[in-house]
Amino acid sequence: MFTEVFKDVAFAVPPFDADRARQVIESTKGAMLLRGTRGRPAGDLDALVDVILRLQSLAQDLGDSIAELDINPILVRPAGRGVVAVGALVIPPAT
């Protein structure tokens with residue numbers, strides 16, 4: 001939802017580590033929301049980094065057997081409460 005509002009995306013080419021994943025997150029306009037604003041609690045950035053690293057591993061493991069992997073939206077809950085993937089789409093390569 002906020003990706004479309006902010007028209008803001010960030011990319012990293014695997015392999016990368018947790019520090020790079022966090023840098024990518026912090027490079028987005030939405031990072032302000034994840035840090036907590038106007039009385040809202042900070043989001044669970046550690047869980048978001050963990051999900052990004054797990055998706056990276058999945059993409060590397062599946063290699064050429066997937067063409068696209070999209071998780072949208074992913075809800076970042078308050079710190080310590082994790083993240084929730086609401087929708088996901090995996091597209092196989094064209095045959």
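Guide: A residue counts as buried when its relative accessible area is under 20%, as exposed when that area is over 50%, and as partly exposed in between, with a 1.4 Å probe and protein chains only as cover. The model above is predicted, so local features need pLDDT of at least 70 and side-chain atom pairs count only at pLDDT 80 or more, while totals for chains, interfaces and linings use all residues. Residues are numbered from 1 along each chain as its sequence is written, and side-chain values use heavy atoms, with hydrogens and water left out.

Visitor: How many of the residues of the protein chain count as buried, as a percentage?

Guide: The protein chain has 95 residues, and 18% of them count as buried. Taken along the principal axes, the box filled by the C-alpha atoms is roughly 50 × 25 × 25 Å.

Visitor: What pattern does the protein chain follow when it is read along the sequence?

Guide: Helices (H or I, at least four residues) and strands (E, at least two) are DSSP runs, numbered from the N terminus. In this case there are 4 helices and 4 strands, and the order along the sequence is α-α-α-α-β-β-β-β.

Visitor: How many salt bridges does the structure hold?

Guide: A salt bridge is a side-chain nitrogen of Lys or Arg within 4 Å of a carboxyl oxygen of Asp or Glu. By that rule the structure holds 3 salt bridges, and each can be read by asking where its two partners sit and how exposed they are. One of them pairs the side chains of Asp46 and Arg22, with 2.6 Å from N to O. This pair links distant parts of the chain, since Asp46 belongs to helix 4 and Arg22 to helix 2, 24 residues apart.

Visitor: Are Asp46 and Arg22 buried, partly exposed or exposed?

Guide: Asp46 counts as exposed because its relative accessibility is 53%. Arg22, by contrast, has a relative accessible area of 30%, which means that this residue is partly exposed.

Visitor: Which residue forms a salt bridge with Glu26?

Guide: The partner of Glu26 is Arg35, and the closest N and O atoms of the two are 2.4 Å apart. Glu26 is partly exposed because its relative accessible area is 35%, and Arg35 is also partly exposed, with a value of 44%.

Visitor: Where do Asp50 and Arg54 lie, and what separates them?

Guide: Both belong to helix 4, and because they are 4 residues apart there, about one helical turn separates them. Their side chains meet in a salt bridge, at 2.8 Å from N to O. Asp50, at 34% relative accessibility, counts as partly exposed, whereas Arg54, at 56%, counts as exposed. Leu58 is also placed in helix 4, and its relative accessibility of 38% makes this residue partly exposed.

Visitor: Which residues are joined by a cis peptide bond with omega of about 0 degrees?

Guide: The angle to read here is omega, and Pro14 and Pro15 are joined by a cis peptide bond for which omega is about 0 degrees. Pro15 has its place in the loop between helix 1 and helix 2. A cis peptide bond also joins Asn72 and Pro73, with omega of about -5 degrees, and Pro73 is found in the loop between strand 1 and strand 2.

Visitor: What is phi of Arg38, and where is Arg38 found?

Guide: Phi is a backbone angle to read by its sign, and for Arg38 the value is near 45 degrees, which is positive in a residue other than glycine. Arg38 is in the loop between helix 3 and helix 4, and with a relative accessible area of 86% it is exposed.

Visitor: How far apart are Glu4 and Asp70, in sequence and in space?

Guide: It helps to keep the two kinds of separation side by side: Glu4 and Asp70 are 66 residues apart in sequence, and 14 Å apart in space from C-alpha to C-alpha. Glu4 lies in helix 1, where its relative accessibility of 48% makes it partly exposed.
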